[in-house]
Amino acid sequence: MAETENTGALLARIDDYIEHLFAPQDEALEAAVRESRQAGLPEIQVSPNEAKLLQLFAEMVGARRVLEIGTLGGYSAIHFGRALPEGGELISLEIDERHAEVARENVERAGLSDKVEIRVGDARELLAEIAENDEGPFEVVFIDADKGGYPEYLEWSLRLTRPGSLILGDNTIRGGTVLDPEDESARATNEFNERIARDSRLSAILLPILRERIDGLTIALVRGG
Ligand code: SAH
Ligand code: DHB
Ligand code: MG
């Protein structure tokens, strides 16, 4: 059966298999997705399996401070919040006040308000403030906002991390559009991937991720130290 069925259907079944085993959705996660949908937010949060991978990365590096660029309804933020120890903190940046409001409610419902701080504004300005106020270093930076900003967000990430930190970039394959970039966001994403691949300060890979279409997560470890 599996060997003869259409590849798309098989990939979806594999993704479901992984989710049921390793990323079962609980009430707080289901509510976050439901409330975000009801509030009319775009359904572009990470998949359950990718979210679990993000949580696992934060756990693997023993993250105490995590920085997220692009909150949406807080679905990925809840996973980072769950990875943090007592006293740990996620700072998540969001340009849209309404997204941030929905996210705060979702985070509150998940019991993580003491660990998750959502800041509203353009990430470019908020990142400059974070650097100015010396709020780093962060052990994980997750870049998931406007794709055109990725190269700039990479520069800030390098300033705000330390050896042993992870810099993660979502949507870096986007159904393959990054292979033949035809629009500005695909070009910027491609530049982001190329810069990371060539940067001797980083050890990195781009991991294909199953979603409705194939997307990708760029994973970079800050070396040295
Ligand atoms: N990380 C979320 C999904 C984020 S979607 C999750 O997986 O659950 C991208 C978000 O980035 C959107 O909410 C959008 O409003 C926000 N965004 C877009 N441009 C931005 C900018 N310049 N600064 C901050 N946030 C931005
Ligand atoms: C899309 C998905 C994302 O995770 C994102 O951050 C932005 C856009 C999309 O599928 O269009
Ligand atoms: Mg994304």
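These are my notebook entries on a few local features that I looked up in a predicted model.

**Entry: helix α5**

I began with helix α5, which covers residues 97–109, and found that its 13 residues reach 19 Å from the first C-alpha to the last, close to the 18 Å expected at 1.5 Å a residue. I then listed the buried residues of α5, which are His-99, Ala-100, Val-102, Ala-103, Asn-106 and Val-107. Looking down the axis of α5, I noted that these buried residues fall within an arc of 165 degrees, so they line one face of the helix. For their packing partners I recorded α2, α4 (75–83), β2 (89–94) and β3 (116–120).

**Entry: cavities**

I next searched for enclosed space, and the count came to 1 cavity of 30 Å³ or more. I noted a volume of about 40 Å³ for the largest cavity, and I listed its lining as Ala-32, Val-33, Ser-36, Gln-45, Leu-72, Gly-73, Gly-74 and Tyr-75. Helix α2 (residues 27–38) gives the most to this lining, with 3 residues. When I sorted the lining residues by character, I had 4 nonpolar, 4 polar and no charged.

**Entry: Trp-156**

I looked up Trp-156 in helix α7, which spans residues 150–159. Its relative accessibility is 17%, and I entered Trp-156 as buried because the cut-off for that class is under 20%. Leaving aside residues up to four places away in sequence, I found that Trp-156 touches Arg-124, Leu-127, Ala-128 and Ala-131. I also checked Trp-156 against Ala-58, 98 residues apart along the chain, and their C-alpha atoms are separated by 19 Å.

**Entry: backbone exceptions**

Before going through the loops I reminded myself that most residues other than glycine have a negative phi, and that most peptide bonds are trans.

In the loop between α6 (123–132) and β4 (140–143) I found Pro-137, and the peptide bond that leads to Pro-137 from Gly-136 is cis, with omega near -5 degrees. Asp-134 also has its place in the loop between α6 and β4, and I recorded for Asp-134 a phi near 55 degrees, a positive value in a residue other than glycine. Asp-134 is exposed, with a relative accessible area of 66%.

I found another positive phi at Arg-174, where the value is near 45 degrees. Arg-174 belongs to the loop between β5 (166–170) and α8 (184–198), and at 27% relative accessibility I entered Arg-174 as partly exposed.

Terms used. Residues numbered from 1 in each chain as written. Chains lettered and ligands numbered in written order. Predicted model: local features only at pLDDT ≥ 70, side-chain atom pairs only at ≥ 80, totals over all residues. Heavy atoms only, no water. Helix = DSSP H or I, 4+ residues; strand = E, 2+ residues; numbered from the N terminus. Buried < 20%, exposed > 50% of the residue type's maximum accessible area, 1.4 Å probe, protein only. Contact = heavy atoms within 4.5 Å. 1 Å grid on protein atoms, 1.4 Å probe; cavity = no way out; pocket = protein on both sides within 12 Å on 5 of 7 lines; lining within 4 Å. Points joined across faces, edges and corners; volume = space filled by probe spheres on them. Nonpolar A, V, L, I, M, F, W, Y, C, P; charged D, E, K, R; others polar. Expected span 1.5 Å × (residues − 1). Arc of directions from axis to C-beta.
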